[in-house]
Amino acid sequence: MLIAQISDLHIRPRGALAYGVSATNLFAEHAIHALLRLAPRPDCVLVSGDLTDCGLDEEYTLLQELFARLPMPVFAVPGNHDRREPFRRAFAGGGYLPAAGYLNFTVDRGPVRIVGLDSLVAGESHGALAPETLDFLAASLAARPEAPTLVMLHHPPFETGIGHMDAVRLFDGVAELGAIVARHPQVARILCGHVHRSIQTVFGGRACQIAPSVAHQVALDLQPDAPSCFVLEPPGFLLHAVTDGAVVTHAATTDRAPGPFPFILPADYPGKARRAEPDAGAI
Ligand SMILES: [Fe+2]
């Protein structure tokens, strides 16, 4: 089973740029095309927050039009740039979100359980997991302990070394999240967004992975006083392959690259000649 993860689309009203620079709607088009090019086709697409830039109804409408072009279901958690009620209205048709309260969900896709957690704090950039959300996670994991499980939330629960992003990471509920996943070995990944870079660590004894943005990336600057800046590095996404309960994650770019070119070695290829030398000497 293949599960794609895209993150931080930051959709803007038609014709508008994010921060006056980033053509996020165009980047999202590239992401949709990248997903449609995948063969085999993913079973579903996960979105780890910041679907819109400002949480506007107009932005969610554009997002719905984009996602309607995907033949597979899309499951999303909100980020700090989203707003809870417009988000809920936009995805009500998916049938996986609750009618009220935090936007937590559990979906089962074949052998895999996916748990989405709402870490949005209205009006703030940092994240928090409410006691109800932590209880929801614990109950969802306890209900199907044999299922390899992906836990997704927008805000990462660890420090990345990028100071201005660490200042707005997940705060409330970090220790509790770590304790819950530590006692549930079926948790194969904790999947996040928010930092707009591909970053991995171990948290609560589990692999914890931040997806790159499909739009602009946060500058890789680990100096303590690094300014809050973004760069237009190639956007990317993650593809989680689940086989016999084991999860292998591939990182890919959304841009179409030259190739593929077959690994064919001509007879006079230097490397091929060097590898032949030991055999030649042994004769
Ligand atoms: Fe973001």
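This is a short walk through the iron site, the two sheets, the aromatic rings and the cysteines of one structure. Keep in mind that we are looking at a predicted model.

Let's start with the metal. Which residues hold the iron ion? The protein donors are Asp8 through OD, His10 through NE2, Asp50 through OD and His196 through NE2. They lie 2.1 to 2.2 Å from the iron ion. In sequence, the donor spacing reads D-x1-H-x39-D-x145-H. Now place two of these donors on the fold. Asp8 is in the loop between strand 1, residues 2-6, and helix 1, residues 24-37. Asp50 is in the loop between strand 2 and helix 2, which covers 57-67. The pair therefore ties together parts that are 42 residues apart in sequence.

What about the geometry? The angles among the four donor atoms run from 89 to 177°, and the site of the iron ion is irregular. A tetrahedral call would need all angles between 85 and 135 degrees, so the upper end of that range rules it out. One caution here: water is not among the atoms, so sites may look incomplete.

Are these two aspartates buried or exposed? Asp8 counts as buried, at 0% relative accessibility. Asp50 is buried too, with a relative accessible area of 2%.

Next, the sheet of five strands. It is open, its order is 3-2-1-14-15, and the pairing is mixed. The edges are strand 3, at 74-77, and strand 15, at 246-253; each of them pairs on one side only. On average, neighbouring strands of this sheet are turned by 20° against each other, direction ignored.

Walk across it with me. Strand 2, residues 44-48, runs parallel to strand 3, and four bridges join them. Val47 has Ala76 in strand 3 as its bridge partner. Strand 1 pairs with strand 14 in the antiparallel sense, over four bridges. There, Ile3 stands opposite His240 in strand 14. Strand 14 then runs antiparallel to strand 15, with eight bridges joining the two. Ala241 finds its bridge partner in strand 15, at Val248.

How covered is strand 14? Mostly: of its eight residues, 236-243, seven are buried. Look also at the hairpin of strand 14 and strand 15. Two residues sit between the strands, and Asp244 takes a positive phi near 50°.

Now the sheet of six strands. This one is also open, with mixed pairing, and its order is 4-5-7-9-11-10. Strand 4 and strand 10, at 199-203, are the edges, each pairing on one side only. Neighbours here are turned by 20° on average, direction ignored. At one end, strand 10 and strand 11, residues 206-210, pair in the antiparallel sense over five bridges. Thr201 stands opposite Cys208 in strand 11. Hold on to Cys208; we come back to that residue.

On to the aromatic rings. How many aromatic pairs does the structure hold? Seven. One to look at is Phe75 with Phe105. Their ring centres are 6.3 Å apart and their planes meet at 35°, so the pair is tilted. Phe75 lies in strand 3 and Phe105 in strand 4, residues 105-109, so the pair ties together parts that are 30 residues apart in sequence. Phe75 counts as buried at 6% relative accessibility, and Phe105 counts as buried at 1%. Elsewhere, Tyr60, Phe67, Phe87 and Phe91 form one aromatic cluster.

A quick stop at Ala90. This residue is in helix 3, residues 84-90. Ala90 is buried, with a relative accessible area of 11%. C-alpha to C-alpha, Ala90 and Gln64 are 6.9 Å apart, though 26 residues separate them in sequence.

Last topic, the cysteines. How many disulfides are there? Zero. Cys44 is in no disulfide, and the nearest cysteine sulfur, that of Cys192, is 17 Å away. Cys44 counts as buried at 0% relative accessibility. Now back to Cys208. Why is there no bond between Cys208 and Cys192? The two sulfurs are 4.3 Å apart, which is too far for a bond. The cut-off for a disulfide is 2.5 Å. Cys208 counts as buried, at 1% relative accessibility.

Note on methods. Residues numbered from 1 in each chain as written. Predicted model: local features only at pLDDT ≥ 70, side-chain atom pairs only at ≥ 80, totals over all residues. Heavy atoms only, no water. Pairing = 2+ DSSP bridges. Axes fitted to C-alpha atoms, helices over the stretch in contact; angles between N-to-C directions. Donors = N, O, S within 2.8 Å, 3.2 Å for Na, K, Ca; no water. Tetrahedral: all angles 85-135°; square planar, octahedral: opposite > 155°, others 65-115°. Buried < 20%, exposed > 50% of the residue type's maximum accessible area, 1.4 Å probe, protein only. Phe/Tyr/Trp six-rings, centres within 6.5 Å; stacked < 30°, edge-to-face > 60°.
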